Amino acid sequence: MTSFLWDLVAQGTTVKSSAWNLLFASGIIYAIYMVGVVIYRLTLHPLARFPGPFLCRIGFLQQGYYEAILQGKFIYEIPKYHEKYGPVVRLNPDEVHINDISVFHEYVRDKSVSHGYILATQPPSDQDHNSIFDRNKRFTKDPATYSVGVDSAMTMTIPVEAHRAKRQVLDPVFSKRRVNMMEDYFYEEIERIFTKINEYEKKGDEVPIHEMFYCYTCDIVSELLFGKSLDMISAPDFKERVKDMQFFTGGVWTALHFPWLRKLITDGPRWVAGKLSATYIKMITYFEQLAQEAMDRYDSDKAAQRNPYEETIFDRMLTNNLKRRKEDPVVEPLKFQDLADESAMILNGGTEPPANEMAYATYYFLLYPEVQKRILAELDAVDLDEHGRLPLQAVESLPYFTGFVKECLRTATLIPGRLPRRVPKGGLYVPAIKDTIPEGYAVGISHDLIHKNPDIFPEPNKFRPERWIGPAGKELMHWLVSFSWGRTDCVGKNLAYAEMYLMLANLFSRYHLEMLPGTHEAMQWSDRVIMHPHGFLHVKVKLRTVKRG
Ligand code: HEM
């Protein structure tokens with residue numbers, strides 16, 4: 001009996017120790033493998049000859065630490081790396097960052113202009129293309145970065161043809177003509193915002209203007225998307241709703257650097273996801289519900305009869321879907337999840353960036369009294385239309401105010417990062433180092449670095465709206481890269497401009513604004529793919545009286 005028991009214990013110990021041995025051996029094999037990988041990345045890897053911090057060259061830890069742990073601080077490190085290592089720096093084993101504007105878009109050298117480059121007038125043949133952000137089809141979004149959820153949305157669509165098919169459906173809704181037709185609707189929304197501001201003004205309370213900008217942009221883009229505004233501005237809890245709207249950018253780095261967690265949340269059971277990120281599930285469920293309602297409302301006959309002013313994004317997506325089903329489809333018809341993903345992306349992309357841009361514009365308006373004086377002088381001289389409004393066309397043609405809008409877009413580069421693209425066949429020649437980045441790897445240029453480049457924008461840290469005025473200002477336009485450039489630039493740029501022009505012109509001319517303590521701290525930002533201010537801009541306001549004519 002004793003020996004039987006002893007045998008059992010001995011067997012147990014053997015099983016236990018062989019499990020430990022197996023684990024130990026696996027650990028050793030993995031460690032040897034990793035040492036091999038590191039040696040490969042430092043020596044034989046096609047990007048091995050490009051310099052960079054040691055930790056960036058051997059793995060993803062340094063990038064992950066600054067992006068996911070410190071939440072969006074990597075962007076501040078990149079200029080320091082360039083100072084130390086030169087114009088091309090390895091950010092991780094498979095990606096380099098380039099600080100040479102000549103590869104941004106097609107250019108030719110020209111000594112007669114101050115920054116030494118002018119845009120090429122003749123686009124070169126596709127083979128010659130050496131520019132990352134042009135209309136050419138060779139550079140595609142880097143799948144390693146464009147994978148943060150909502151995979152079916154156009155923004156996350158990598159293959160050129162599939163992206164083009166989605167873009168063709170969306171482009172007409174965001175055309176300048178279509179946006180101009182919405183002027184009355186913009187004014188309705190502005191008046192609703194101003195009615196709310198007046199309530200705060202009467203009580204002498206601080207005005208949550210930043211959150212109101214979110215309501216403004218969300219209500220407009222949801223009207224355009226579904227034909228039914230979310231009417232955020234009427235919600236008593238609009239401030240909380242705005243915080244919910246930030247859910248996507250709030251979790252973007254975690255989603256990127258912890259793909260297994262992202263997959264668990266996006267593809268796992270909803271109850272598990274709800275435990276991990278309650279806001280994510282709340283918002284995704286909400287967007288799905290909105291998409292379902294828009295599908296239920298869709299009537300193909302009515303959609304076909306609508307004039308272009310009334311056509312919504314859903315009308316276009318669903319009508320196009322019918323066509324794709326009938327004709328032999330090059331691209332698969334959209335499924336429900338595709339429509340829900342597109343809704344989430346458009347609502348998010350159409351809300352946060354323009355709302356934050358307007359918050360920064362208001363901040364700069366308050367920060368620079370000289371700028372403020374010149375803007376008000378221009379706005380106060382505008383002839384009002386028959387409804388007593390500042391017409392969009394009139395404010396768009398004000399030189400100083402236009403310079404102000406552009407300078408805001410330059411100073412607060414709302415999507416400040418490098419937007420990585422995959423290098424196509426033939427590689428990417430970088431004149432600054434006379435070397436070629438091999439195909440298949442990721443390259444990027446921080447858009448904020450371009451906006452702060454002193455060769456293009458002298459004294460880049462000075463806020464100077466006048467730099468955009470006159471022929472020199474016109475020539476600078478191709479270096480205003482806030483909406484990126486080329487085939488995958490911002491689809492909503494015309495909408496964003498119109499929203500900004502109308503809201504800012506009306507706000508500044510109707511109210512005296514006062515900056516409150518804590519504003520400078522609130523407007524510090526971190527990179528969450530979009531510029532994420534650390535707080536909200538709040539102001540106090542008083543009604544202004546303007547003497548015109
Ligand atoms: C000041 C406001 C805005 C700024 C600075 C801005 C900036 C940008 C930038 C830089 C991109 C390129 C992103 C990339 O390549 O990864 C982009 C793409 C995009 N933007 Fe905007 N945006 C603004 C407003 C809007 C608005 C109002 C909408 C309306 C729906 C919108 C919808 C989109 C979409 C859907 C894309 C993806 C385009 C594509 O993949 O073809 N954005 N935006």
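**Pocket, ligand shell and cavity**

Me: How many residues line the second largest pocket, and which lie nearest its centre?

Reply: The lining has 22 residues, and Thr411, Asp448, Lys452, Asn461 and Trp525 lie nearest the centre. Bear in mind that this is a predicted model. The volume of this pocket comes to about 490 Å³.

Me: Which elements give two or more residues to that lining?

Reply: They are α4 (74–85), α17 (336–367) and α21 (447–451). Of these, α17 gives the most, with 4 residues. In domain terms, at least three residues come from each of domain 1 (17–93) and domain 2 (167–422 + 457–543).

Me: What makes Trp525 a lining residue of the pocket?

Reply: A lining residue needs an atom within 4 Å of a pocket point. Trp525 is listed among the lining residues nearest the centre, so it has at least one such atom. By class, the whole lining splits into 14 nonpolar, 5 polar and 3 charged residues, and Trp525 goes with the nonpolar ones because Trp counts as nonpolar.

Me: Now the ligand. How many residues surround it, and which are the closest?

Reply: There are 28, with Lys141, Tyr146, His163, Arg167 and Cys490 the closest. The shell holds 15 nonpolar, 8 polar and 5 charged residues.

Me: Why is the pair between tyrosine 146 and the ligand called a polar contact?

Reply: A polar side-chain atom of tyrosine 146 sits 2.5 Å from a ligand oxygen atom. The cut-off for two N or O atoms is 3.5 Å, so this pair qualifies. Arginine 167 passes too, with a polar side-chain atom 2.8 Å from an oxygen atom of the ligand.

Me: And what makes glycine 349 count?

Reply: Here the protein partner is a polar backbone atom, 3.4 Å from a nitrogen atom of the ligand. That is still within 3.5 Å, so glycine 349 counts. Two or more shell residues come from each of α5 (160–170), α17 and α23 (493–510), and α17 is the biggest giver with 6.

Me: How do you know that Cys490 is a donor to the iron atom?

Reply: Its SG atom is 2.3 Å away from the iron. An S atom within 2.8 Å of this metal is a donor, so Cys490 fits. It is the single donor from the protein. Cysteine 490 sits in the loop between α22 (470–476) and α23.

Me: Why is the largest cavity called a cavity and not a pocket?

Reply: A cavity is a set of points where a 1.4 Å probe fits but cannot get out, whereas a pocket is open. The largest cavity has about 80 Å³ of space, and it is one of 3 cavities of 30 Å³ or more.

Me: What lines the largest cavity?

Reply: It has 11 lining residues, and Lys166, Val169, Met317, Leu334 and Glu342 lie nearest the centre. α5 supplies the largest share, 4 residues, while α16 (313–326) and α17 each supply at least two. The classes are 6 nonpolar, 1 polar and 4 charged.

Notes:
Residues numbered from 1 in each chain as written. Predicted model: local features only at pLDDT ≥ 70, side-chain atom pairs only at ≥ 80, totals over all residues. Heavy atoms only, no water. 1 Å grid on protein atoms, 1.4 Å probe; cavity = no way out; pocket = protein on both sides within 12 Å on 5 of 7 lines; lining within 4 Å. Points joined across faces, edges and corners; volume = space filled by probe spheres on them. Domains from an automatic or database assignment. Near = heavy atom within 4 Å. Polar contact = N/O pair within 3.5 Å; in protein donor to acceptor, adjacent residues only side chain to side chain. Donors = N, O, S within 2.8 Å, 3.2 Å for Na, K, Ca; no water.
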